[in-house]
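Please look through the following model with an eye to how its helices, strands and loops are arranged, and to which residues are covered or open to the surroundings.

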Amino acid sequence: MKAATPKPIAWIVIPCYNEQEVLPITAPLFLGKIRELADTGKISENSKVLFVNDGSTDGTWETICSFASTDCHALGLCLSRNRGHQNALLAGLMEAREKCDFTISIDCDGQDDINAMNEMVDAYLGGCDVVYGVRSDRTSDTRFKRRTAQQYYRLLRWLGGEIVYNHADYRLLSARVLQELGDYQEVNLFLRGMVPLVGFKSTQVSYVRSERIAGKSHYGLKSMLHLAFNGISSLSAKPLDWILGTGGVFLALSVIAAIWLLIRWIAGFANPTWALILWAVFLLGGLQLAGTGIVGEYVGRTYLESKRRPRYIVADRTWEPYERHYLEEIADVPGGKPKEQVRK
């Protein structure tokens with residue numbers, strides 16, 4: 001008799017930063033979705049929801065620990081300090097890659113439609129290794145954010161970056177994609193641009209994004225601009241080509257201007273006015289400063305990459321106390337499993 005195919009183990013990975021107001025509302029929704037998918041036979045009963053505490057200063061970690069102590073599907077991972085959304089998400093993905101068949105990453109604010117996970121799992125079962133959650137519209141955003149986001153996606157594509165339009169960090173990744181993603185060692189993370197570089201079969205699932213359920217967003221304009229430039233600098237070196245091209249154009253213009261001035265001098269005409277000279281000084285000075293700034297950003301990011309510092313440090317795991325207790329129980333048993341095997 002042919003053995004039944006084991007059901008895939010899924011981990012939902014959720015980065016959290018100062019989310020004590022929204023977690024009591026959204027965490028039960030995520031845990032309910034895991035149970036629903038398990039009850040329908042699509043995933044294993046051993047599937048988990050991993051909440052990653054990104055160095056929160058409120059009661060986020062205590063809230064996560066509370067869910068982990070009362071629900072067998074809930075796990076918590078605590079970073080040693082705030083490392084940013086992308087690093088926290090990567091920490092959760094790397095923690096899960098040895099323990100599951102696929103992950104689904106999603107924000108904890110309840111804006112992304114969790115019911116889209118059903119289609120993501122179906123696509124995975126159909127053979128896809130990557131499933132992107134793509135917003136069908138951006139009506140929940142302000143007009144400013146909607147327009148700037150659209151222009152930013154176009155800019156990245158024009159620069160040569162492989163990026164999925166209207167996709168953020170709501171996605172399904174198979175275990176083998178996670179293994180390959182772990183080989184990417186960038187410090188300046190931009191996961192929505194890195195995942196397409198990994199390759200493998202992919203598809204998209206559309207959904208409508210809602211308003212935030214509770215609390216307020218901690219992703220302000222400064223954070224968005226930082227992420228935006230990380231995306232540009234990590235996916236493309238074309239801004240450096242622009243500087244070289246602009247410099248070449250102005251060098252050619254300066255040669256033409258020098259010839260023109262020489263001809264005027266020979267013909268006996270007066271020299272150009274001080275206003276023209278001042279305009280040229282300001283123009284070239286501004287271009288030089290802007291070019292130096294862009295080059296400086298790339299040099300600074302190269303400097304950070306060369307340090308090889310860890311992108312995150314795990315301070316605590318909610319399941320480690322149980323693991324330590326198990327290890328103590330088998331310590332005196334001949335042939336007991338080593339710690340590394342127990343963790344896997």
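**Backbone, burial and packing**

Just after helix H4, Gly127 adopts a positive phi of about 115 degrees. The model to which this value belongs is a predicted one, and the chain as a whole comes to 12 helices and 8 strands. Of its 344 residues, 41% are buried, and among contacts with a separation of 6 or more, 82% are made by residues 24 or more positions apart.

Helix H4 itself, residues 116-125, is mostly covered, with 7 of its 10 residues buried. These buried residues are Ala116, Met117, Asn118, Met120, Val121, Ala123 and Tyr124, and they pack against S1, H1, strand S4 (102-105), strand S5 (130-135), strand S6 (167-174) and S7.

Two further residues deserve a look for their backbone angles. Most residues other than glycine have a negative phi. Asn18, however, which is not a glycine, has a positive phi near 50 degrees; Asn18 is placed in the loop between strand S1 (10-16) and H1. Because a residue is buried when its relative accessible area is under 20%, Asn18, at 17% relative accessibility, counts as buried. Phe200 also takes a positive phi, of about 70 degrees, without being a glycine, and its place is in the loop between helix H7 (191-198) and strand S7 (202-207). At 35% relative accessibility, Phe200 counts as partly exposed.

From strand S5, one of the elements against which H4 packs, Tyr132 offers a view of the surroundings. Tyr132 lies in strand S5 and, with a relative accessible area of 6%, is buried. Leaving out residues up to four places away in sequence, Tyr132 touches Met120, Val164, His167, Tyr170, Arg171, Val195, Pro196, Ser202, Thr203, Gln204 and Val205; of these, Met120 is one of the buried residues of H4. Although Tyr132 and Arg192 are 60 residues apart along the chain, their C-alpha atoms are separated by 9.5 Å.

The next topic is the nonpolar interior. The largest nonpolar core has 37 residues, and those with the most contacts inside it are Ile14 and Phe51. The largest share of this core, 7 residues, is contributed by H1. A second, separate core holds 29 residues, including Leu75, Leu77, Val164 and Val195; Val164 and Val195 are also among the residues touched by Tyr132. Back in the largest core, Ile14 touches Phe30, Val49, Leu50, Phe51, Val52, Ile106, Asp107 and Cys108, when residues up to four places away in sequence are not counted.

How does H1 sit against its neighbour H2 in angle and axis distance, that is, at what angle and how far apart do the two helices pack? Helix H1 (residues 23-39) and helix H2 (residues 60-70) pack at an angle of about 35 degrees, with 11 Å between their axes, and their crossing is right-handed. On the H1 side the contact is made by Leu23, Pro24, Ala27, Pro28 and Leu31, which meet Thr60, Thr63, Ile64 and Phe67 in H2. By class, the residues of this contact divide into 7 nonpolar, 2 polar and no charged.

Following H2 comes a loop that leads to strand S3 (74-79), and Cys72 lies in this loop. Cys72, whose relative accessible area is 56%, is exposed. Cys72 is 24 residues from Lys48 in sequence, while their C-alpha atoms are 8.0 Å apart in space.

The loop between S3 and H3 contains Asn82, which at 30% relative accessibility counts as partly exposed. Apart from neighbours within four places in sequence, Asn82 is in contact with Tyr17, Asp54 and Gly55. Asn82 and Ser56, which are 26 residues apart in sequence, have a C-alpha to C-alpha distance of 6.8 Å.

Helix H3 completes the tour. At 1.5 Å a residue, the 12 residues of H3 (residues 85-96) should span 16 Å, and the 17 Å between its end C-alpha atoms agrees with this. Because 11 of its 12 residues are buried, H3 is largely enclosed by the rest of the structure. Those buried residues are Gln86, Asn87, Ala88, Leu89, Leu90, Ala91, Gly92, Leu93, Met94, Glu95 and Ala96.

How values were computed
Residues are numbered from 1 along each chain as its sequence is written. This is a predicted model: local features need pLDDT of at least 70, side-chain atom pairs count only at pLDDT 80 or more; totals for chains, interfaces and linings use all residues. Side-chain values use heavy atoms; hydrogens and water are left out. Axes are lines fitted to C-alpha atoms, for helices over the stretch in contact, and angles run from 0 to 180 degrees between N-to-C directions. Helices (H or I, at least four residues) and strands (E, at least two) are DSSP runs, numbered from the N terminus. A crossing is left-handed if the near helix is turned anticlockwise from the far one by less than a right angle, and right-handed if clockwise. Contact means heavy atoms within 4.5 Å. Ala, Val, Leu, Ile, Met, Phe, Trp, Tyr, Cys and Pro count as nonpolar, Asp, Glu, Lys and Arg as charged, and the others, Gly among them, as polar. The expected span of a helix is 1.5 Å times one less than its number of residues. Buried means under 20% relative accessible area, exposed over 50%, partly exposed in between (1.4 Å probe, protein chains only). A nonpolar core is a set of buried Ala, Val, Leu, Ile, Met, Phe, Trp, Tyr and Cys residues joined through side-chain atoms within 4.5 Å.
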